[in-house]
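Visitor: I have a model open in front of me and would like to learn how to read it. Could you walk me through its features, one at a time?

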Amino acid sequence: MKSQERNQAYYRHHRKRVIQRKKQLAIRYGWSYKFEGIFAKGKIHCSCWWCCEKTNRLGFPKSELTKIANCDEQLLNPDF
């Protein structure tokens, strides 16, 4: 089975699509940015007090709770 060949236009299209979506989020939240290309990679998240309140209200995600439980278990284990 021949693998699908993807040319440069394919990658340009998806890069443009991702940038546009993240740019709209930035506009909605009122963030300023110098270049559009910063939205090409990485996640967009906010570290403001309003977004941090969500963690305080809803608690940690399950993955974080598991890590905390493992650390507590290691502290209580005398063989460790």
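Guide: Happy to. Let's start with a side chain whose place may surprise you: at 16% relative accessibility, Lys 23 counts as buried. Keep in mind as we go that this is a predicted model.

Visitor: Why does Lys 23 count as buried?

Guide: The general idea is a cut-off: buried means under 20% relative accessible area. Lys 23 has 16%, so it falls in that class. Few residues share this label, since just 8% of the 80 residues of the chain count as buried.

Visitor: Where is Lys 23, and what does Lys 23 touch?

Guide: Lys 23 sits in helix α1, which covers residues 8-29. Setting aside residues up to four places away in sequence, Lys 23 touches Tyr 33, Glu 36 and Phe 39.

Visitor: With which residue does Lys 23 form a salt bridge?

Guide: To read a salt bridge, look for a side-chain nitrogen of Lys or Arg within 4 Å of a carboxyl oxygen of Asp or Glu. Here the partner of Lys 23 is Glu 36, and their closest N and O atoms are 2.8 Å apart. This pair links distant parts of the chain: Lys 23 belongs to helix α1, while Glu 36 is in the loop between α1 and α2, 13 residues apart. The side chains of Lys 23 and Glu 36 are also joined by a polar contact of 2.8 Å.

Visitor: Is Glu 36 buried or partly exposed?

Guide: Glu 36 is partly exposed, at a relative accessible area of 41%. The bridge therefore pairs a buried Lys 23 with a partly exposed Glu 36.

Visitor: How many salt bridges does the structure hold?

Guide: There are 2. Another salt bridge joins Glu 64 and Lys 67, with 3.9 Å between the closest N and O atoms. Both residues lie in helix α3, 3 residues apart, which is about one turn of the helix. Glu 64 is partly exposed at 31%, and Lys 67 counts as exposed at 51%.

Visitor: Which residues form a nonpolar patch on the surface?

Guide: For a patch, we look for nonpolar side chains that are accessible and lie within 5 Å of one another. In this model Phe 60, Leu 65 and Ile 68 form one, with about 280 Å² of accessible area together. Phe 60 lies in the loop between α2 (49-58) and α3 (62-76), and its relative accessible area of 47% makes it partly exposed.

Visitor: What is Ile 44 in contact with, beyond its neighbours within four places in sequence?

Guide: Contacts of this kind show which parts of the sequence meet in space. Ile 44 is in the loop between α1 and α2, and its contacts are Lys 22, Trp 31 and Phe 39. Take Lys 22: it is 22 residues from Ile 44 in sequence, yet the two C-alpha atoms are 7.2 Å apart. Ile 44 itself is partly exposed, with 26% relative accessible area.

Visitor: What is the pattern of the chain, read along the sequence?

Guide: The pattern is α-α-α, and the secondary structure comes to 3 helices and 0 strands. The accessible surface is about 7900 Å², with 56% of it belonging to carbon and sulfur atoms.

Visitor: Where is confidence lowest and where is it highest?

Guide: Confidence is lowest in α2, at a mean pLDDT of 64, and highest in α1, at 91. Over the chain the mean pLDDT is 80, and 79% of the residues reach 70 or more.

Note on methods:
Residues are numbered from 1 along each chain as its sequence is written. Side-chain values use heavy atoms; hydrogens and water are left out. Patches are made of residues with over 30% relative accessible area and no salt bridge: like charges are joined within 9 Å, nonpolar side chains (Val, Leu, Ile, Met, Phe, Trp, Tyr) within 5 Å. Accessible areas come from the Shrake-Rupley method with a 1.4 Å probe; for residues, only the protein chains shown count as cover. Helices (H or I, at least four residues) and strands (E, at least two) are DSSP runs, numbered from the N terminus. Buried means under 20% relative accessible area, exposed over 50%, partly exposed in between (1.4 Å probe, protein chains only). A polar contact is a pair of N or O atoms within 3.5 Å; within protein, one must be able to donate a hydrogen and the other to accept it, and residues adjacent in sequence count only if both atoms are side-chain atoms. Contact means heavy atoms within 4.5 Å. pLDDT is the predictor's confidence in each residue, from 0 to 100.
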